[in-house]
Structure formats: structure tokens, C-alpha cells
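These are notes on the model you sent, set out as numbered points. They start from one side-chain contact and work outward to the empty spaces and the chain as a whole.

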Amino acid sequence: MTKMRKAIALVLALMLAMSFAAIAEKETVSDSFTLPPVTERPAEPTPGPSATAEPSDTAEPTATAEPTATAEPPVTPEPTATPEPDEGPEAIGTAVVVLANADSSLNIRESASADSARIASLSDGDEVEVLGHEGDWTWIRTSDGVVGYVVSTYLNENPAEPSAEPSVEPSAEPSVAPSVEPTQSVLPEVSDEPLDPEATVEPSAEPTVEPTPEPEWLLDVDGNPILDLNGDPIPAGSYMLDEFGNLVFGADGKPIPSVIEEDPLAGLRQAIVVLAEDEPTAMLYAGPDATSEVLAELANGEMLYIRELDAEWSYAVYGDLEGYILTSKIALYNGETTPEEEEIVRTITVTSNLAGAEVVYEGAEVTLTATLTGFEDDAYTMQWQYTPDGGETVVDVEGANEAEYTFVLDGTNVGYLWRMTVTLHSATAAVQPAVTDAAEMPAPAPVE
């Protein structure tokens with residue numbers, strides 16, 4: 001009996017141990033499967049009373065995922081709701097386009113350079129917003145929303161009033177708080193003139209002198225850049241001029257550069273050959289008499305340059321040749337003369353209604369007027385001519401035989417040069433001395 005009781009007790013102990021082991025094993029498995037769902041689905045972690053205590057403790061840290069829910073700050077739309085790029089840069093003022101010629105236009109460039117791409121143009125009187133400045137260029141925005149750069153000289157600017165007030169108040173308030181800033185800003189104003197006026201003049205003089213060469217534009221008499229036929233400012237330099245002193249433009253609308261290298265004709269007087277209708281040519285001699293060598297034969301209307309003017313023989317330059325020509329066979333052309341010179345030589349002066357203009361644009365009406373002196377005792381015929389290639393080819397203008405000639409500049413003649421020639425018909429016209437009559441001629445006056 002006693003052994004049976006011991007056996008029964010042993011069996012009960014074994015069964016109890018097995019039940020505890022099963023319960024412990026079941027709880028361990030339960031714990032391992034309750035943790036993952038807590039972080040994803042909080043409603044499922046209720047497997048039993050034993051799992052509510054420990055998993056709930058571990059769930060709290062994971063419940064602190066609520067801070068991770070603070071991903072709401074990235075949802076802060078305030079930075080993304082930046083309307084500034086759509087509205088564009090803030091204007092600092094306005095300006096009005098002012099052009100000397102109302103028919104011309106002002107180019108808008110992609111950047112502050114005449115070499116950058118042209119994106120639009122403005123007319124005289126157009127209003128724009130000023131966005132900033134860069135050297136001699138102004139950053140502008142048109143009423144159509146075009147943003148680009150134009151030459152500042154052609155803008156009449158008006159600073160924006162709203163931007164002026166804030167700029168004064170903030171600068172005034174902070175300047176009161178820091179005691180150093182007011183003393184620095186006030187002292188120069190007080191000590192400018194009394195302390196050392198020379199020191200203030202030098203810095204102010206340097207900036208005013210330096211900016212003027214920086215633009216390097218070709219300027220008119222008022223100091224404004226001259227525009228080419230494309231509306232672009234012309235860089236400073238030497239350009240070809242017509243006989244009236246106006247720029248000569250090429251087919252690309254830009255002025256034609258001229259190379260100035262020791263001009264051998266500098267300071268010489270221009271002259272034109274004037275012959276009678278029965279005289280085919282005038283002779284250029286090696287010496288001041290008709291017996292010397294003939295260097296060249298000049299037709300009526302040919303141009304030459306006078307180095308020395310004399311009553312009988314004048315020393316002239318014709319191309320690469322230099323020699324003597326009878327003064328009676330020439331007329332000084334478009335040059336100032338003294339009363340004494342007008343007594344010994346004829347003159348032809350041509351003026352234009354556009355004389356003095358810095359730029360002549362296509363479509364302009366030109367009137368040329370010829371004034372002759374020394375022809376009072378002569379009968380003569382006038383003839384207007386032009387040259388399209390700088391003198392290589394000379395063409396008579398049909399029907400242009402009066403003192404005045406009017407024409408319109410267009411794409412075909414914008415680079416031409418114009419002149420007046422005269423042919424004598426009077427019996428008093430001087431006759432070219434023949435070489436055979438040289439012995440009967442008086443001795444020529446010496447040429448100094």
C-alpha cells in the first residue's frame with residue numbers, strides 16, 4: 001500500500017511536471033509571436049492574460065513610434081509653397097526707354113554683354129521694371145514678362161518708393177542700438193569737408209573716371225553710345241566715314257572698321273580734276289614745267305591730293321605718284337580755303353542735309369548741295385557721281401545735273417560715296433600746255 005501510494009505520488013508528480021512544462025512551452029511560443037504584431041497591428045496582441053503584462057511593456061517603446069509619426073514636419077508645405085520663382089525677382093524700380101531716334105529700337109540681351117543672344121527689343125517710351133544693375137547694363141523685366149539686360153544709358157530710371165522707405169527705417173533702427181555703427185556713419189558726414197577734403201575727392205574722382213572707359217562704346221556728343229543698324233551699341237574704335245563724316249555701315253548692319261596706319265594723306269588737301277570738254281586728260285609731271293616727264297594722265301573728275309598749292313603749279317599726290325599739275329586744272333574739294341587761295345584756285349564744296357548726324361539709317365532722305373567758287377566766268381555742266389567700292393568704280397547718276405540732288409538711302413546704296421564733277425565749256429578755260437610749246441612758256445614760279 002505504501003508502495004502504491006508512492007507510485008501514485010510519483011505519477012502525479014510526473015504529470016504535474018509535464019503540465020507545467022507544457023504550459024511554459026506554450027507561453028514561450030505565445031510571447032515570441034505576440035511581439036511582431038504589436039508594432040503593426042496593435043489590436044491583435046491579446047493572446048492571454050499571461051502575455052498582457054510583458055508584451056505591453058515591450059509594446060510601449062514600440063508605441064513610441066508616435067514620434068516617427070512626426071513625419072508630419074516634412075509635410076510642412078510652407079517651404080514648397082514658394083511663389084517667388086513664379087513671380088520672378090522683385091523689382092527695385094521702374095524705367096522708361098529713351099532713344100534719340102524714335103524709329104530705332106533697343107535690344108534686350110540674354111546676359112550683360114553685346115555678344116550675348118538677343119531675345120527681344122524695346123521701343124522709345126516703353127516702360128520696364130528694373131531688377132538690378134551689372135556694370136553698364138541694367139537687368140530689366142518687360143510688361144510681357146521678358147527678363148534680360150539692356151544698356152543703362154537708354155533708360156530713365158525711377159526708384160521704387162516702397163523699397164526706399166523700408167531701406168531707411170531698418171537702417172535707422174539698428175544704427176541706434178549698436179553705438180558703434182552710428183559713430184561710423186555720422187563721422188564721415190561731419191568730417192568730410194572740414195577734416196581732409198582732398199582725401200574725399202580722390203576716391204570719388206577715381207570711380208567717376210574709371211567707369212567712362214569701361215563701356216568702350218562709340219559715344220555721341222552727349223556721351224551716349226551710338227547704335228548700329230541692328231540696335232546694338234557700337235564698340236569704341238575706328239570706323240570708315242563718308243565724305244560728310246558719317247559712319248558707313250556694311251550689309252550686316254555694323255559699321256565698317258577702318259585701319260589707320262600712318263595715313264600718308266593725312267593733312268593733305270583733296271582736289272578734283274576740272275577740264276574743258278575738248279581736253280581728254282590733265283598731265284601729272286615730274287617737275288613744275290611741261291617739259292618734264294609725264295607721270296600720269298588724269299581724266300576729268302579724278303581725285304588727287306595737294307601737298308603744296310601754288311598759283312601756277314601745285315605739288316600733288318596721285319596714288320603712289322607725286323608730281324606737279326597745273327593749278328588751273330583742279331578745284332579744291334570740300335576743304336576750307338583762305339581768301340588768298342580762292343583767288344588762285346577753284347573750289348567745290350558739297351554739303352548734306354544730314355551733315356553732323358552721328359548715324360544715318362536706311363530709309364533716310366539725303367539731299368546733297370554743291371557750291372562752286374571760281375567758276376563765275378565759265379560755262380560748265382555739273383554731274384553727280386557715286387562709287388560703290390571706295391573709288392575703284394565711278395558711276396554717273398543719270399539726270400543728276402543740278403546743284404542739288406536728293407535720293408533715299410536703302411540696302412543697295414547705304415555704303416556708297418558721292419561727289420560732284422564739273423566739265424567746263426567756256427573759251428576762257430585754261431588750255432593744257434603742249435610739250436612742243438614749252439620753249440614759249442614763262443619760267444615757272446619756284447616751289448618752296
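1. The side chains of N107 and R118 are joined by a polar contact of 2.6 Å. Please keep in mind that this is a predicted model, so the distance is computed from predicted coordinates.

2. N107 has a further partner: its side chain reaches the backbone oxygen of N230 at 2.9 Å. The residue itself belongs to strand β2, which covers residues 105–109.

3. Is N107 buried or exposed? N107 is buried, because its relative accessibility is 3% and the cut-off for buried is under 20%.

4. Which residues surround N107, once neighbours within four places in sequence are set aside? Its contacts are R118, A120, S121, Y149, V150, N230, G231 and D232. R118 and N230 are thus on this list, and they are also the partners in the polar contact of 2.6 Å and in the 2.9 Å approach to a backbone oxygen.

5. N107 also borders an enclosed space. The second largest cavity, with a volume of about 40 Å³, is lined by L106, N107, R109, A114, W137, V151, G231, D232 and P233. Strand β2 supplies the largest share of this lining, 3 residues. G231 and D232 appear in the lining and are in contact with N107 as well. By class, the lining residues are 5 nonpolar, 2 polar and 2 charged.

6. How many cavities of 30 Å³ or more are there? The count is 2. The largest has a volume of about 190 Å³. It is lined by 17 residues, and D242, N246, V360, L409 and V414 are the closest to its centre. This lining divides into 13 nonpolar, 3 polar and 1 charged residues.

7. Turning to the open spaces, the largest pocket holds about 1,400 Å³. Of the 42 residues in its lining, those closest to the centre are Q270, M303, Y305, G390 and L417. Two or more residues each come from β8 (269–273), β12 (303–308), β13 (313–318), β15 (330–333), β18 (380–387) and β21 (417–424). The lining has 20 nonpolar, 13 polar and 9 charged residues.

8. The second largest pocket has a volume of about 370 Å³. It has 18 lining residues, with A100, N101, D220, P225 and Y361 nearest its centre. By class these are 10 nonpolar, 5 polar and 3 charged.

9. For the chain as a whole, the model contains 8 helices and 21 strands. The chain has 448 residues, and 30% of them count as buried; N107 is one of the buried residues.

10. How are the contacts spread along the sequence? Taking contacts between residues at least 6 apart, 55% join residues at least 24 apart. The contact list of N107 includes Y149, V150, N230, G231 and D232.

11. Last, the surface. The accessible surface of the chain is about 27,700 Å², and carbon and sulfur atoms account for 56% of that area.

Conventions:
Residues numbered from 1 in each chain as written. Predicted model: local features only at pLDDT ≥ 70, side-chain atom pairs only at ≥ 80, totals over all residues. Heavy atoms only, no water. Helix = DSSP H or I, 4+ residues; strand = E, 2+ residues; numbered from the N terminus. Buried < 20%, exposed > 50% of the residue type's maximum accessible area, 1.4 Å probe, protein only. Polar contact = N/O pair within 3.5 Å; in protein donor to acceptor, adjacent residues only side chain to side chain. Contact = heavy atoms within 4.5 Å. 1 Å grid on protein atoms, 1.4 Å probe; cavity = no way out; pocket = protein on both sides within 12 Å on 5 of 7 lines; lining within 4 Å. Points joined across faces, edges and corners; volume = space filled by probe spheres on them. Nonpolar A, V, L, I, M, F, W, Y, C, P; charged D, E, K, R; others polar. Areas by Shrake-Rupley, 256 points an atom, 1.4 Å probe, with all protein chains shown as cover.
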